[in-house]
Amino acid sequence: MVSKSGVTVVGAFFSPFVNRVQIALNLKSVEFDYIEETLSSKSDVLLRCNPICKTVPVLIHDDKSICESLVIVQYIDQVWTENGYCILPSDPYDRAVARFWAAFVDDKMVPMLKELIVAPEEGKAAIKERIGEGLVLLEEAFTKISEGKAYFGGNNIGYLDIALGSCLEFIKATGKLCGLELVEPAKTPNLVGWAARFTSNEAVKNVLPEIDRFVEVLKRIQARAKAFPDRKSWPYLPPQ
Amino acid sequence: MGDQEVKLFSLWASPFGKRVEIALKIKGIKYEYFEEDLSNKSSELLKYNPVHKKLPVLLHNGKPVCESLVILEYIDETWKSERSLLPEDPYARAMARFWAKFIDDKCIAAMWGARKNSEGQEEGIEELTEHLKTLENELKGKKFFGGDEIGLVDITADLIALWLGVLLELKGIELLTKEKFPRLCEWIDDYLDHQIIKETLPDRETYRDFLLKAKF
């Protein structure tokens, strides 16, 4: 399939990882086609374009397929330079710091949110506390990295803003689903301010999913995990 | 970049730490090595990696970089004039990052699964077999994942080259054989025979004894 711009994103509306790709393309003013994938039955597109990439997001650019959201964001940053927007910082040390915290989001924060969604009631409080501790670390990181500016990336949205910011609705929806306040403004005031700026940014505001739709998706995942305890991994779909 | 202070805090038995050493050696960067004792973490480690308290940590002019893949990219971007660890072409670069992540996320998880002594082991072995087949396919037509020379993916795959073989041997699992994975086994031979790899990775016997003692 060929889009007019040669760029297609295969995604799922509620996926923070897909949102990262959309935000990055928006920041670079790149037009793209979007194909919504229903994860319960993988479409021909997903199976055809890259046999190794079994999940969204997938970026198709001039018939080449790339998967893994942060790999895609870095690809986008390197390929599209016309509008002069830089997603990653230019200094190697700053890049390392951004990558470190993006990995923290993916390796620590996201798994904890998934854990919370499927945890039994009595286990939820402990996970909530760990998520809170993670958010405090991110608050400290924000204070240090932003140096008083609006975003982790400085005056403009950067790599780490995209990595963490894409998860904001996920955090909100998880909290709503579980009836818990995961973000404590008193403990993470700067992060709260940053979150408001990020979600209202032009490149972001039409990308992040509507919260109640997201909660419905999480409810389904939660129900599947409960109904099929032998399915071990998110989002607990039957084997394909 | 001249004579700038480079220190590495690591463990001789850690594949993650070894990745960093391989990269530093490929780039010809002089560094000071500090062996850590995990049962008695140094105050430096706690100071430089307060978030994870893990190794390796690279200290460059007093500034810490943590997480092995982050460190590898940092090394590549900082010491640009030396041989590149990643390809320049955006798509090839993306693929290299993808494969490194594949090894770190999927292969390691499967290895942990195969390590279990319970029913989890069969599932782990199944998963591992699938991932090794994927890597086998990726190696077709290439000497190394990086092409003619070792690159980011080969460096990341140090745990496939050494650690996996030792683990499977100790568990009595016959999986990584020339019959099942001819290209991968050839890659392992070429990799372990590479000058820099030979002088950096621990030898198989030493590592095997270490794992046995650690009651793996």
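Reader: Is the crossing of α4(A) and α7(A) left-handed or right-handed?
Author: In this predicted model, the helices (DSSP runs of H or I, at least four residues, numbered from the N terminus) concerned are α4 of chain A, residues 92-118, and α7 of chain A, residues 168-178. Handedness follows the turn of the near helix from the far one, anticlockwise by less than a right angle being left-handed and clockwise right-handed, and the crossing of α4(A) and α7(A) is left-handed.

Reader: At roughly what angle do the axes of α4(A) and α7(A) cross?
Author: The axes (lines fitted to C-alpha atoms over the stretch in contact, with angles from 0 to 180 degrees between N-to-C directions) of α4(A) and α7(A) come within 10 Å of each other. Where these two helices touch, α4(A) contributes V110(A), L113(A), K114(A), L116(A) and I117(A), while α7(A) contributes F170(A), I171(A), T174(A), L177(A) and C178(A). The crossing angle of this pair is roughly 20 degrees.

Reader: At roughly what angle does α7(A) cross α9(A)?
Author: Helix α9 of chain A spans residues 211-227, and its axis comes within 9 Å of that of α7(A). The crossing of α7(A) and α9(A) is right-handed, and the contact (heavy atoms within 4.5 Å) involves residues of α7(A) including F170(A), A173(A) and L177(A), with F214(A), V215(A) and L218(A) among those of α9(A). The two axes cross at roughly 65 degrees.

Reader: How many salt bridges are counted between chain A and chain B?
Author: Contact between these chains brings together 24 residues of chain A and 27 residues of chain B. One salt bridge (a Lys or Arg side-chain nitrogen within 4 Å of a carboxyl oxygen of Asp or Glu) joins R99(A) to E77(B), whose closest N and O atoms are 3.1 Å apart. Between chain A and chain B, the count of salt bridges is four.

Reader: Which helix holds both E121(A) and K124(A)?
Author: E121(A) forms a salt bridge with K124(A), with the closest N and O atoms 3.9 Å apart, and the structure over all chains holds 28 salt bridges. The two residues are three residues apart, about one turn of the helix, and both belong to residues 121-146 of chain A, that is, to helix α5.

Reader: Which pLDDT is needed for side-chain atom pairs to count?
Author: Residues are numbered from 1 along each chain as written, chains are lettered from A and ligands numbered from 1 in written order, and side-chain values use heavy atoms without hydrogens or water. Local features need pLDDT of at least 70, totals for chains, interfaces and linings use all residues, and side-chain atom pairs count only at pLDDT 80 or more.
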